[in-house]
Amino acid sequence: MNRIVILGAGYAGLAAATSLAGRTRRRSDVRITVVNADERFTERLRLHQTASGQRLADLRIPDLLAGAGVEFVRGWVTGVDAAARRVRIDDERVLEYDRLVYALGAVADTAAVPGVDENAYTLDSAHDADLLARRLAGLGGGTVVVCGSGLTGVECAAEIAERHPGLDVVLVGRQEPGATMTPGARAHLRRALARLGVRVVSGVEVVKVLPESVELAGGDSVPADVVLWTSGVRVPPLAAAAGLAVDERGRIVTDPTLRSVSHPQVYAIGDAAAVRQRYGVMHGTCQSGMPTGVHAALSIARELDGRQPRPFRFGYLHAPVSLGRRDAVIQFTHPDDSPKRLYLTGRAAVWYKETVSSSGWPSFRRLQRYPAVGSFAWRRGGRYTR
Ligand SMILES: Cc1cc2nc3c(=O)[nH]c(=O)nc-3n(C[C@H](O)[C@H](O)[C@H](O)COP(=O)(O)OP(=O)(O)OC[C@H]3O[C@@H](n4cnc5c(N)ncnc54)[C@H](O)[C@@H]3O)c2cc1C
């Protein structure tokens with residue numbers, strides 16, 4: 001029996017599980033087990049909607065996986081012994097594996113600045129987003145400071161401002177919002193934030209988060225009733241503690257086929273992996289995470305057939321950014337994620353963004369039924385990745 005354990009049932013883990021189930025359904029010598037903290041699928045890319053008080057669909061992972069013949073284990077992974085090929089769950093259960101797929105995702109980097117852990121909310125899980133939603137619902141008025149002016153920070157600030165017009169929302173960060181976009185797309189984004197009443201404080205460095213303010217380098221501070229931290233990315237220490245080779249953010253360093261460079265029986269995918277392409281190390285997105293899952297499944301299926309896994313190639317297509325529920329901007333990109341001239345705004349962009357955001361769950365069912373289709377579903381990047 002080939003025991004394949006997949007840790008994490010987010011976008012990357014479920015893409016791997018359903019593709020692998022589809023590809024191995026005629027084999028009786030493969031057992032696939034998926035471990036995840038929760039039975040409910042976390043639509044992470046919609047957590048700003050949860051945080052602003054919206055209810056998301058109730059998507060149940062065991063229902064999805066039962067149809068695929070995959071065993072689901074609900075539990076918190078507390079340790080991996082990569083040498084002994086064992087996973088510890090909730091400190092008491094142990095799972096043994098022949099191949100491991102590590103897809104436990106990443107979290108906001110709350111360790112980079114003092115006071116963030118104690119005084120700021122994050123959107124690392126549905127529970128965190130729910131806590132913020134409750135706090136915002138209980139505020140009669142006041143100021144919400146969103147730290148981090150990257151695209152996640154922009155989406156959060158816009159969503160909160162739209163749902164809570166009585167709150168003063170301030171977006172604080174190093175870069176100008178939309179800095180990675182073309183001037184036209186960036187201007188649209190800035191107009192949308194202004195229309196929603198979001199104050200932007202960019203070009204600044206947050207040095208401390210206090211219970212009632214955010215301190216900036218140079219001595220200025222921004223008063224805050226609530227602080228949301230969206231800046232930076234790090235992978236929890238579990239991967240490093242397992243003895244797997246990791247980079248400076250704790251991400252598992254992979255070879256071109258997505259196997260750990262230190263432990264080739266471990267595949268690392270999604271936000272938890274440091275995957276190098278010719279243009280650099282990929283940054284975590286759902287857009288790239290699902291293809292890494294499909295590719296890991298394809299590679300494992302090849303190994304089970306006695307063949308060598310192939311290198312993973314990926315090129316970005318777009319950066320879709322919601323600006324509340326009634327506006328959005330989609331920046332189309334070159335495979336290396338640099339912006340193209342083409343971008344979409346307004347209703348067409350809202351439709352596009354919603355189509356992308358809702359495509360994950362139906363894709364898992366499709367991957368299980370037609371696994372071969374999954375291999376063609378992403379951009380390979382042409383000369384950017386060759
Ligand atoms: C507000 C927001 C908006 C975003 N918008 C976009 C967007 O528009 N487009 C885009 O491409 N990306 C977007 N992203 C990023 C995207 O959500 C991530 O890149 C994607 O979720 C990564 O997928 P993953 O499977 O690697 O990790 P995740 O989706 O985070 O899944 C990890 C899973 O592992 C589980 N887990 C973690 N640790 C443990 C443990 N120790 N034991 C058991 N289970 C565990 C978690 O519960 C989760 O189910 C956004 C992110 C946020 C926060």
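Which backbone oxygen lies 3.3 Å from a polar atom of the side chain of Gln331? In this predicted model, the atom in question is the backbone oxygen of Leu342, which lies at that distance of 3.3 Å from the Gln331 side chain. A second backbone oxygen, that of Lys340, is found 2.7 Å from a polar atom of the side chain of Gln331, and the two contacts together introduce the surroundings of this residue.

Gln331 belongs to strand E23, which spans residues 328–333. Its relative accessibility is 1%, and because a residue is called buried when this value is under 20%, Gln331 counts as buried. When residues up to four places away in sequence are set aside, Gln331 touches Met181, Thr182 and Ala185, as well as His318 and Ala319, and also Pro339, Lys340, Leu342 and Tyr343. Lys340 and Leu342, whose backbone oxygens were described above, are thus among the residues that Gln331 touches.

The ligand is considered next. Around the ligand there are 27 residues, of which Asn36, Val77, Asp271, Cys286 and Lys353 come nearest. For Asn36, a polar side-chain atom lies 2.8 Å from an oxygen atom of the ligand, whereas for Val77 a polar backbone atom lies 2.8 Å from a nitrogen atom of the ligand. A polar backbone atom of Ala37 is likewise placed 3.1 Å from a ligand nitrogen atom. The ligand taken alone exposes 1000 Å², and 87% of that area is buried by the protein.

The shell around the ligand consists of 12 nonpolar, 11 polar and 4 charged residues. At least two residues of this shell are supplied by each of three helices, namely H1 (11–23), H6 (151–163) and H9 (286–304). Cys286, one of the residues that come nearest to the ligand, has the number at which helix H9 begins.

At the level of the whole chain, the secondary structure comes to 12 helices and 24 strands. The C-alpha atoms fill a box of roughly 60 × 45 × 35 Å along the principal axes. A compact globule of 386 residues would have a radius of gyration near 21 Å, and the chain, with 21 Å, agrees with this expectation. Buried residues make up 53% of the 386 residues, and Gln331 is one of those that count as buried. Of the contacts in the chain with a separation of 6 or more, 66% are accounted for by residues 24 or more positions apart. The chain exposes about 17100 Å², of which carbon and sulfur atoms supply 49%.

Technical notes
Residues numbered from 1 in each chain as written. Predicted model: local features only at pLDDT ≥ 70, side-chain atom pairs only at ≥ 80, totals over all residues. Heavy atoms only, no water. Near = heavy atom within 4 Å. Polar contact = N/O pair within 3.5 Å; in protein donor to acceptor, adjacent residues only side chain to side chain. Areas by Shrake-Rupley, 256 points an atom, 1.4 Å probe, with all protein chains shown as cover. Helix = DSSP H or I, 4+ residues; strand = E, 2+ residues; numbered from the N terminus. Nonpolar A, V, L, I, M, F, W, Y, C, P; charged D, E, K, R; others polar. Buried < 20%, exposed > 50% of the residue type's maximum accessible area, 1.4 Å probe, protein only. Contact = heavy atoms within 4.5 Å. Rg over C-alpha atoms; globule rule 2.2 N^0.38 Å.
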